[in-house]
Each structure stands twice: as structure tokens, then as C-alpha cells.
Amino acid sequence: MGQKNNILMVKAYQQKIFMNPENESSNILKKFLQSLIKKGRKKKAQSLLLKVIRLVQMMQPTKTKYEVFTQAVKNVQPSFEFKRARLGGLYQMIPGAKKPEKQSNLAVRWILALAKEKQKKAKTLKNRRYGIEFFLAQEIVFAYKNESELKQKKIEIHKLAETNRALAVQRWW
């Protein structure tokens, strides 16, 4: 009977986290959840995301989980995208503004990709075996503090957009 109550509590907790429509951050948590789902295993992805949320709360106890996640994504998301076009016999990268929805989606994908890359490096070094949740939580906290490698990637994209600013006239989309 106690285990059944525990399962119901977990389900209620998951619904409270993932199904809160008034928060912008619940949308970001849903994006993380959708990106974590592999082969249709939503429950596994939810439990993984809950572990990540607990780890983030342990690393940043003074801030709320919503604040950490939203600020981490905002710190990493790029404002520009590029399309390749052939101009005068050369291929040029033409900058354009990116929609806010695409910005946050790209930031979530970058954070997940970097966490997976760090996990693979740790496995090859045969260090202590950590799960993906540890590296994902670590990367979210680094992005929150603006100490992530992804911040540098965002700055490089913005610099490239600034150098190719004159080509923005050629934009067709």
C-alpha cells in the first residue's frame, strides 16, 4: 500500500512540474523532456529529467528550478541563423534573425549534445561512471552561470553575423 501511494505522489509531482501552463519555464522543461525521449520511452525520460532537476537544485539551492532552467537556456540561445547562398561565384553565409521558439529549441539541443559528449569523454577516460543526468545538470548550471562552452559558441555565431552583416540585404526568407 505504501508503494502505491509513493507512485501516486511521483505522478502528481511529475504533473506539477511538466503541466504548469502559466510558466514559460514549464515549456522549457517540456522541450528538455521531448529531447530526452528515445524510442518512445517517456517514463524513462521523465525519471531522468526529475533526477536532473534534483541535481540542479542541489547545485543551486538558493534559486528555483524554473529560474535556473530558463536562465540557462536564455544564456545559450543564439539570435541568428545562416543560410548558404551563391553570390558572385562564391558561397556566402547570409545572416537572418531566428524566431524565439527556434532559439530555445536549438539551445536545448546544444545543452543535451554537450552533456552527451562530456559523458562519452568520461567513459573513455575510465573515470568514475556518471550517468547522463549528472553531466546534463552540470551543463545546465554552467550555462546558468555563463561559464559554459556553449556561451562561446553563441558569441562566435554573433560575431559571424556581425561580419556578414552587409550580406543581410541578400536575404530571401
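In which sense do strand β1 and strand β2 pair, and over how many bridges?

## The two strands

The pairing is antiparallel: β1, covering residues 80-87, lines up with β2, covering residues 90-97, over 8 bridges. Keep in mind that what you have on screen is a predicted model. If you want one rung of this ladder to click on, try R86, whose bridge partner in β2 is Y91.

The two strands make a hairpin, with 2 residues between them. In that turn sits G88, which has a positive phi of about 65°.

## Overall layout

Zooming out, the protein has 7 helices and 2 strands. Walk along the sequence and the order reads α-α-α-α-β-β-α-α-α.

The chain counts 173 residues, and 39% of them are buried. As for contacts, take the pairs at least 6 apart in sequence: 68% of these join residues at least 24 apart.

## The nonpolar core

The largest nonpolar core holds 36 residues. Within this core, F32, V56, F69, L136 and I140 are the ones that touch the most other members. Two or more residues each come from α2 (24-36), α3 (42-59), α4, α5 (100-124), α6 (132-144) and α7. Helix α5 makes the largest contribution, with 9 residues.

F32 is a handy place to start exploring. Leaving out residues up to four places away in sequence, F32 touches L49, F69, V73, V108, I111, L112, L136 and I140. Three names on that list, F69, L136 and I140, also appear among the core members with the most contacts.

## Where α4 meets α7

Helix α4 spans residues 65-76 and helix α7 spans residues 149-163; their axes come within 8 Å and cross at roughly 40°. Angles under 35 degrees would count as roughly parallel, so α4 and α7 are classed as oblique to each other instead.

On the α4 side, the residues involved are K74, N75 and V76, and they meet L150, K151 and K154 of α7. Sorted by character, the contact has 2 nonpolar, 1 polar and 3 charged residues.

## E162, in α7

Further along α7 you'll find E162. Is E162 buried or partly exposed? Its relative accessible area is 49%, so E162 is partly exposed.

E162 also has a partner far off in sequence: P95 is 67 residues away along the chain, yet the C-alpha atoms of the two are separated by 8.5 Å. P95 falls within the residue range of β2, 90-97, while E162 belongs to α7.

Methods: Residues are numbered from 1 along each chain as its sequence is written. This is a predicted model: local features need pLDDT of at least 70, side-chain atom pairs count only at pLDDT 80 or more; totals for chains, interfaces and linings use all residues. Side-chain values use heavy atoms; hydrogens and water are left out. Axes are lines fitted to C-alpha atoms, for helices over the stretch in contact, and angles run from 0 to 180 degrees between N-to-C directions. Helices (H or I, at least four residues) and strands (E, at least two) are DSSP runs, numbered from the N terminus. Angles under 35 degrees count as roughly parallel, over 145 as roughly antiparallel, 65 to 115 as roughly perpendicular and the rest as oblique. Contact means heavy atoms within 4.5 Å. Ala, Val, Leu, Ile, Met, Phe, Trp, Tyr, Cys and Pro count as nonpolar, Asp, Glu, Lys and Arg as charged, and the others, Gly among them, as polar. A nonpolar core is a set of buried Ala, Val, Leu, Ile, Met, Phe, Trp, Tyr and Cys residues joined through side-chain atoms within 4.5 Å. Buried means under 20% relative accessible area, exposed over 50%, partly exposed in between (1.4 Å probe, protein chains only). Two strands pair if DSSP finds at least two bridges between them.
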